[in-house]
Amino acid sequence: MKTKSDSFSPRVSLSLKQKAWNPYLVGIGIGVLSWLAFLLVNKPIGMSTEISKFSGWVVGMFGGSETVSNNAYWAGTAPAFGYSTVFLLFTAVGAFLSAKLGNDLSAEKVPAVWEQYQGPGVAKRMIAAFLGGAILLFGARLAGGCTSGHGISGTMQLALSSWLFFPVMFITGIITAKLLFRNKHTA
Amino acid sequence: MNLPISTSSTTGLVIAAIFGTVFGILLNKGRVTDYNVIVNLFRFQDFTVLKIMLTAIIVGGLGVFAMMGMGWIEEYHIKDANLAAVTLGSAIFGIGMALYGYCPGTAVAAIATGRLHALVGFFGMLAGGIVYAFSFPWLKANVLSIGQLGKVRLNDVTGIPSAIWWVLLTVVALTVFRLIERKFKVVSA
């Protein structure tokens, strides 16, 4: 299954009303954004640390602030509103604006590839998404970063840890996809 | 204006808002807010994610390397190479990414585009963060402590200078792009 925008188009067109931009131009955009991030605030792009702070907030709300402050992890990564919180929230704002203008808003419950192999069951997809999310963030914290912090920001600084992250996560991703998408779903 | 700007200043927060907005737009226009695009990379059906990431790494890396050379950037931000933890964590991360269909950044962007399974997965991420925080003391003693090389870069461990690394990586990236585009042309013909 090939998608239209997978082909290289020499035509440079960057309207927010387009559903997609050329992936190479998007890559250049993220690269230039990284220059500015280093230059202006000396803080590389990252996401998973902030999400684990959200985890701390949730625990603080239900289990009391002492549970959080006594925790060895959150003691070093204290949940507090700041630069990364704003960055995360506005990533959502940017994606919403882009999807709104580009006509890409969708209340998708079961994505096409999943449905093809795992069936149209909503509960099954939601459970998988929940478990996948949990596994994902646990792995990101153990590795010290995610696709943003390691995969882009770390690799561009030639960090050994990040160049280890990239191939390893790629390999287990391929194996998992092989297992998930092996047999087509039959009703 | 003195650079870098403090991330806790008002200007810093305004910059975070601008950077975040641009990042979100780029993720959506790159179509990585779409589950299918991400899992199709792992299935070798769609190379959008790889094109975006490799281009970002090369463009970003060459720029950061140049700015570092000019003395415009104070310092690198290298994550610790705790070999056991990074390897195990990355392996776990890949499984989660194929199952969820998103990574943390693209998940946040996908939720904003309305995708409901992305939102459910976000609660999963919060749960994963909680499990990690509570298992941290054990992990710190038993996993994070194995193979600690510190904040090292490829040039430190190989002795090959950064400039050479960038030439090599650029050649590799361009070769990968050529192969991907050629393969696609054959398929579509």
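**The main core**

Start with the largest nonpolar core of this predicted model. It holds 94 residues. Select Ile51(A), Phe181(A), Phe93(B) and Tyr100(B), the residues with the most contacts inside this core. Next, colour helix 3 of chain B, residues 48-69. With ten residues, helix 3 gives the most to the core. Now show domain 1 (21-107) and domain 2 (110-187) of chain A. Both give residues to this core, so the core lies between them.

Zoom in on Phe93(B). Which residues of chain A is Phe93(B) in contact with, beyond its own sequence neighbours? Select Leu136(A), Gly139(A), Ala140(A), Cys146(A), Thr147(A), Phe165(A) and Met169(A). From chain B, with neighbours within four places in sequence left aside, add Cys103(B) and Pro104(B).

Another core lies apart from the main one. It has 14 residues, among them Tyr73(A), Trp74(A), Leu142(A) and Ile92(B). In soluble globular proteins, nonpolar side chains tend to be buried together.

**The interface**

Now colour by chain. Here 119 residues of chain A are in contact with 121 residues of chain B. The two chains bury about 11200 Å² between them. Carbon and sulfur atoms account for 75% of that area. Turn on polar contacts next: 35 residue pairs meet this way across the interface of chain A and chain B, counting pairs with both residues at pLDDT 80 or more.

Which elements of chain A should you select on the side that touches chain B? Those giving two or more residues are:

- helix 1 (23-41) and helix 2 (48-63) of chain A
- helix 4 (72-76) and helix 5 (83-101) of chain A
- helix 6 (112-118) and helix 7 (122-143) of chain A
- helix 8 (147-154) and helix 9 (160-180) of chain A

Stop at helix 7 of chain A. Helix 7 gives the most to this side, with 18 residues.

**Salt bridges across the chains**

The count of salt bridges between chain A and chain B is two. Select Asp104(A) and Arg115(B) for one of them. Their closest N and O atoms are 3.2 Å apart. Arg115(B) sits in the loop between helix 5 (104-112) and helix 6 (116-142) of chain B, and Asp104(A) in the loop between helix 5 and helix 6 of chain A, so the pair joins two chains.

Are these partners buried or exposed? Arg115(B) counts as buried at 5% relative accessibility. Asp104(A) is buried too, with a relative accessible area of 11%.

Extend the selection to Lys19(A) and Glu108(A). Together with Asp104(A) and Arg115(B), these residues form one network of salt bridges that share partners.

**Chain B alone**

Hide chain A. Chain B has eight helices and zero strands. Its C-alpha atoms fill a box of roughly 45 × 45 × 40 Å along the principal axes. Of its 189 residues, 56% count as buried. Take the contacts in chain B between residues at least 6 apart in sequence: 57% of them join residues at least 24 apart.

Move to helix 2 of chain B, residues 35-42. How many of its residues are buried? Eight of eight. Select Tyr35(B), Asn36(B), Val37(B), Ile38(B), Val39(B), Asn40(B), Leu41(B) and Phe42(B) to see them.

Look at both ends of this helix. At its start, a side-chain oxygen of Asp34(B) reaches to within 2.9 Å of the backbone nitrogen of Asn36(B). Just after the helix, Phe44(B) takes a positive phi of about 55°.

Stay here and select Arg31(B) and Asp46(B). Their side chains meet in a salt bridge, 4.0 Å from N to O. Arg31(B) lies in the loop between helix 1 (10-29) and helix 2 of chain B, and Asp46(B) in the loop between helix 2 and helix 3, so the pair ties together parts 15 residues apart in sequence. Both Arg31(B) and Asp46(B) are buried.

**Last stop: helix 2 of chain A**

Bring chain A back. Over all chains, the structure holds seven salt bridges. One more to visit is Lys53(A) with Glu50(A), whose closest N and O atoms are 4.0 Å apart. Both residues lie in helix 2 of chain A, three residues apart, about one turn of the helix. An α-helix has 3.6 residues a turn, so residues three or four places apart point the same way. Lys53(A) and Glu50(A) are both buried.

Conventions
Residues numbered from 1 in each chain as written. Chains lettered and ligands numbered in written order. Predicted model: local features only at pLDDT ≥ 70, side-chain atom pairs only at ≥ 80, totals over all residues. Heavy atoms only, no water. Core = buried A, V, L, I, M, F, W, Y, C linked by side-chain atoms within 4.5 Å. Buried < 20%, exposed > 50% of the residue type's maximum accessible area, 1.4 Å probe, protein only. Helix = DSSP H or I, 4+ residues; strand = E, 2+ residues; numbered from the N terminus. Domains from an automatic or database assignment. Contact = heavy atoms within 4.5 Å. Buried area = accessible area lost by both parts, 1.4 Å probe. Polar contact = N/O pair within 3.5 Å; in protein donor to acceptor, adjacent residues only side chain to side chain.
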